[in-house]
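Student: Could you take me through one part of this model slowly? I would like a close look at the pockets, with a little of the surroundings as well.

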Amino acid sequence: MTGSRAVTVGVDLAASARRTAVCRAVWGGGNGLTPEFLVPEWDEDLLALIRAADRTGLDCPLGWPSSFVATVGAHHRGEALPTPDRYEDREDGRAGLDPLRFRLTDDLTWKATRMRPPLSVSTDLLGVVALRAARLLAALGSPDAPVPRDGSGPVAEVYPAAALRCWGIRPRASYKRAGAEAGPVRADIVRSVEEGLGVALAEPVRAQCVDNHDRLDALLCALVARAVQIGGTRGPRTAAERAAAEREGWIHLPCARLSALVP
């Protein structure tokens with residue numbers, strides 16, 4: 001970051017470039033917050049945006065469950081399958097998520113937000129998107145200096161819907177639906193975000209968020225990337241969490257208020 005100006009990029013990653021929503025947000029510089037939506041045609045265009053940013057928030061798992069990887073590897077080699085790990089039960093008595101389907105960070109996010117479980121990177125279609133994310137990270141780093149999956153480097157894994165919950169924004173219905181009924185829900189989210197930030201978004205930005213949930217998610221990713229940059233997210237704390245995050249990735253949940261993001 002130079003002076004009081006910073007740039008974050010939010011990426012709602014899809015399997016193809018044309019379906020990926022990207023938001024570039026400039027913080028400070030006399031304007032508080034100036035977001036814009038971009039359409040990178042190729043992965044190199046997206047990589048250039050990430051390299052030029054202070055921090056990028058990527059809405060996609062950056063790794064697979066360790067138990068899943070161990071099981072698939074043993075099966076591929078014709079070896080006995082390992083016993084999967086087990087996560088601790090929730091305080092409300094509900095069992096922990098299946099470690100073959102979910103990462104430690106998925107389980108902790110589910111418990112922290114009391115939302116429905118995240119999509120499984122190992123057993124849902126999300127795995128296709130994660131393959132693209134893995135290639136993007138490989139292109140950003142090198143075998144000798146890989147991009148950290150725990151969010152301590154240029155890219156942090158984020159989860160827009162969980163971030164809204166952390167900021168106290170609870171939509172009255174799903175904002176992901178394609179029908180017209182989801183537009184007012186997204187409009188409510190945008191108003192709540194503006195109130196929290198203390199910033200009025202430009203009308204074209206607001207309209208694009210209301211019109212398209214992918215763009216709204218990209219904006220939220222850019223906001224969480226800013227929270228990561230200022231140390232306002234919950235990172236791995238214990239030795240077990242840090243070890244898991246290095247392999248599986250880590251969802252950064254914001255703990256800083258929205259108002260703290262604006263310089």
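Tutor: Happy to, and please keep in mind that this is a predicted model. Let's begin with A15, which sits in the loop that links β1 (6–12) to β2 (21–27). With a relative accessible area of 47%, A15 is partly exposed, because that value falls between the cut-offs of 20% for buried and 50% for exposed. Far along the chain but not in space, V128 comes 113 residues away from A15, yet their C-alpha atoms are separated by 6.2 Å. Setting aside residues up to four places away in sequence, A15 touches V128, V129 and R132.

From that loop, step onto the strands. β1 and β2 pair in the antiparallel sense over seven bridges, and within this pairing V9 stands opposite R24 of β2. On to β3 (residues 33–38): six bridges join this strand to β2, and the two run antiparallel. Here C23 has F37 in β3 as its bridge partner. Five residues lie between the strands in the hairpin of β2 and β3, where G28 takes a positive phi near 85°. β2 itself is mostly covered, with six of its seven residues buried.

Now for the pockets. The largest pocket has a volume of about 1,200 Å³. Its lining counts 37 residues, and D59, L119, Y159, K176 and D217 are the closest to the centre. Helices α4 (126–140), α5 (160–166) and α8 (213–229) each supply at least two residues of this lining, and the largest share, four residues, comes from α5. By class, the lining of the largest pocket divides into 22 nonpolar, two polar and 13 charged residues.

The second largest pocket has a volume of about 470 Å³. It is lined by 23 residues, and those nearest its centre are Y87, L104, D107, L108 and K111. Two or more lining residues come from each of α2 (66–77), α3 and α9 (239–248); α9 gives the largest share, five residues. The lining of this second pocket has nine nonpolar, two polar and 12 charged residues.

Let's finish on α3 (residues 104–113), the helix in which T105 lies. T105 is buried, because its relative accessible area of 2% is under the 20% cut-off. Leaving aside neighbours within four places in sequence, T105 is in contact with G249, W250 and I251.

Definitions and conventions. Residues numbered from 1 in each chain as written. Predicted model: local features only at pLDDT ≥ 70, side-chain atom pairs only at ≥ 80, totals over all residues. Heavy atoms only, no water. Buried < 20%, exposed > 50% of the residue type's maximum accessible area, 1.4 Å probe, protein only. Contact = heavy atoms within 4.5 Å. Pairing = 2+ DSSP bridges. 1 Å grid on protein atoms, 1.4 Å probe; cavity = no way out; pocket = protein on both sides within 12 Å on 5 of 7 lines; lining within 4 Å. Points joined across faces, edges and corners; volume = space filled by probe spheres on them. Nonpolar A, V, L, I, M, F, W, Y, C, P; charged D, E, K, R; others polar.
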